[in-house]
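Trainee: I have a new structure open and don't know my way around yet. Can we go through it together?

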Amino acid sequence: MGRGFSEAERQIVTALIESLAVNFEALGTALAKYGANATLQLDGEDWFCGTMRRFIRVYRLADNVLPALETLAELRAVSKDIQG
Amino acid sequence: MSAERIEQSKHLWDAMDLVRRLGNVLEIAERAVRLLAPSGYQDPDDSTVGVSAEKVVSETVLLLLACKSVAAQHTDIGSGVQQIAKLLIPHARNEQVIIRMCLNPGLAYDYAFAHICLSCLGFPDTQFDRILHLCSESEALGSRERLPHRTLEQEWLKRMWGSSNTKDRDEYWAVALSMLNRSIDPFTASRDDIYAFTHAIMYISDLGGRTSRLPRAKGDILADAETALSICLDQQDYDLCGEILLTWPYLGAKWSATAAFAFRVLMRVEDAVGFLPAPLTRLDRYYELSDEERPRYAMATVYHTAYVMGLLCAASLKHDRILSVVMPRSHKFNRSEILLKVIDSYGNKPHWQDDFMQLETESQNALAPMLMTIALRHAVTGHNLEQVRSLLAFGIDNGVLNYPATRQAAGILRRFAEVTIHSPELAVPESTTQRTEEPAGTDTHIA
């Protein structure tokens, strides 16, 4: 199920667009040049087809590392909120 | 009293202490239902922090089910279970749940999770049963492709509801494809891999209430559990530690030294905080929130790991594994300080080290497999192949060898040996190929 942008995600995407970090003209040119042929050969349908609206995605790569656990003594302050 | 007797009694786990801990978790569960069951929680400023109401309801009722046999023996636990179950009924069985089941019968058992568990706890609902029965007859019932451990969950739910007629065949195929039939990679395993392992055990064992056919030797599964436990303990990932520890009571196994030690660490951490904590709880965020917002944030980030401790206490009480929980001793291996020195060289000092230092030398030595696994994990993830080699040489000399981490570390060395034939620039420097008494430091790196 999809979800909307968080404020932080919106800021990142806005900054990427406004800074021209993503060159939509160049991407469009590449798609115009290769897209039709790739689609006809059915080797690009996962990333290029008539129903796919997202041609560019920015991924935040998972680093498989948990954030550090907070200090135990300081976490004790939270217990009053969960034990009533 | 002899020294050994003192050591044993110091580590004997008191059943009433486990009951007390379970009672505390049930208090948290009651508050979790009141705070989160109506609408879940979503941090408005962080989309990664949140929990759905359905997840809270399902995990709470699973906790209650795990307490069922303990509840029959301890009045306080029994009354707590009854009280929370009654609170859950309107969240488990309501118009919205029924509409979703009718529209999407492929998820019928998922939507009926809490209903089925409540029925098993003595709170049946025949009208809801009739609707679930209709859904179960739909040709769309099996329309979802699921991960093997999720297929096992479905089979478990059908058994609980009394509708399983697959004669274990579907379940056995799913078990064969699950993490129970695969070795855990001690160096690259993701949290999802380990969750898949722990959940498969929960479901095939009916939370410890059933002995089922395993896809490989129980000893091999326990060895993998111990490997994952060592890693998670070192990462202070107590949520996964607790789930992995369920492997021993749920498979009816005697606690290993590492498992007994890890349980002890979890108890100490729980005592220090008041609940078993998880890294999800960020204190800077907690203090940013208003007094009104804090309880729901705290509960949303805490309840799951707190429940895991409840599951563990309930399983230990149910399966009478308490008296066997004495820290084993080893008189064969007596050089744990050398492995500890390697681990210390990586800088961090997780909680388990304080508990380790409290043990007598023989009990410390019994934890050699855990120390070796942690040391190898640091060496491999630090790309320190010379240290990997030295650790394995140390293991050969001291009989700490035939474990998942040592076998897989040896495999890494074999592969890199082959690589260096074709790419000599990747070869380990000659000066470091001599066997050293102590595993080498962290100054030789690849990549």
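Mentor: Start with where the chains meet. This is a predicted model, and in it the contact takes 25 residues from chain B and 19 residues from chain A.

Trainee: Which elements give two or more residues to chain B's side of that?

Mentor: They are helix 2 (15-36), helix 16 (257-273), helix 17 (283-288) and helix 18 (294-318) of chain B. Helix 18 of chain B provides the largest share, five residues.

Trainee: And how do the residues on that side divide into nonpolar, polar and charged?

Mentor: On the side of chain B that touches chain A, 13 are nonpolar, six are polar and six are charged.

Trainee: OK, back up a bit. How many helices and strands does chain A have?

Mentor: Chain A has four helices and zero strands, so its pattern along the sequence reads α-α-α-α. Of its 84 residues, 5% count as buried.

Trainee: What about chain B, how many helices and strands there?

Mentor: Chain B comes to 24 helices and two strands. Buried residues make up 45% of its 447 residues. Take the contacts in chain B between residues at least 6 apart in sequence: 76% of them join residues at least 24 apart.

Trainee: Let's look at helix packing. What numbers describe a pair?

Mentor: Two packed helices are described by the angle between their axes and the distance between the axes. For helix 10 (residues 148-161) and helix 12 (residues 191-204) of chain B, the angle is about 20° and the axes are 9 Å apart.

Trainee: What do we call that arrangement of helix 10 and helix 12 of chain B, roughly parallel or roughly antiparallel?

Mentor: Angles under 35 degrees count as roughly parallel, so helix 10 and helix 12 of chain B are roughly parallel to each other. Their crossing is left-handed.

Trainee: Which residues make the contact?

Mentor: From helix 10 of chain B, B:H149, B:L152, B:E153 and B:W156; from helix 12 of chain B, B:A196, B:H199, B:A200, B:Y203 and B:I204. By class, the contact between helix 10 and helix 12 of chain B has six nonpolar, two polar and one charged residues.

Trainee: You mentioned helix 18 earlier. How does helix 14 of chain B cross helix 18 of chain B?

Mentor: The axes of helix 14 (residues 238-245) and helix 18 of chain B come within 9 Å and cross at roughly 20°. Helix 14 and helix 18 of chain B are therefore roughly parallel to each other, and the crossing is left-handed. Helix 14 of chain B uses B:Y238, B:D239, B:G242, B:E243 and B:L245, and helix 18 of chain B uses B:H304, B:T305, B:V308, B:M309 and B:L312. The residues of this contact divide into five nonpolar, three polar and two charged.

Trainee: Moving on to single helices. Is helix 13 of chain B largely enclosed or largely open, and why?

Mentor: Helix 13 of chain B is largely enclosed by the rest of the structure, because 13 of its 17 residues are buried. Its residues, 218-234, should span 24 Å at 1.5 Å a residue, and the end C-alpha atoms are 24 Å apart, which agrees.

Trainee: And helix 3 of chain B, which of its residues are buried?

Mentor: In helix 3 of chain B they are B:V56, B:V57, B:E59, B:T60, B:V61, B:L63, B:L64, B:L65 and B:A66. What covers them includes helix 2, strand 2 (50-51), helix 4 (68-73), helix 5 (75-92), helix 8 (113-120) and helix 18 of chain B.

Trainee: Last topic, backbone angles. What should I expect for phi?

Mentor: Most residues other than glycine have a negative phi. A:L20 has a positive phi of about 65° although it is not a glycine.

Trainee: Where is A:L20 found?

Mentor: A:L20 is in the loop between helix 1 (7-18) and helix 2 (24-40) of chain A. With 9 C-beta neighbours inside 10 Å, A:L20 counts as exposed.

Trainee: Which residue of chain B has a positive phi near 55°?

Mentor: One of them is B:H383, which is not a glycine. B:H383 lies in the loop between helix 22 (368-381) and helix 23 (385-398) of chain B. B:H383 is exposed, with 12 other C-beta atoms within 10 Å. B:Q236, just after helix 13 of chain B, also takes a positive phi, of about 55°.

Notes:
Residues are numbered from 1 along each chain as its sequence is written. Chains are lettered from A and ligands numbered from 1 in the order in which they are written. This is a predicted model: local features need pLDDT of at least 70, side-chain atom pairs count only at pLDDT 80 or more; totals for chains, interfaces and linings use all residues. Two residues are in contact if their C-beta atoms, placed from the backbone, lie within 7 Å. Ala, Val, Leu, Ile, Met, Phe, Trp, Tyr, Cys and Pro count as nonpolar, Asp, Glu, Lys and Arg as charged, and the others, Gly among them, as polar. A residue is buried if 20 or more other C-beta atoms lie within 10 Å of its own, exposed if 12 or fewer, and partly exposed in between; C-beta atoms are placed from the backbone. Axes are lines fitted to C-alpha atoms, for helices over the stretch in contact, and angles run from 0 to 180 degrees between N-to-C directions. Angles under 35 degrees count as roughly parallel, over 145 as roughly antiparallel, 65 to 115 as roughly perpendicular and the rest as oblique. A crossing is left-handed if the near helix is turned anticlockwise from the far one by less than a right angle, and right-handed if clockwise. The expected span of a helix is 1.5 Å times one less than its number of residues.
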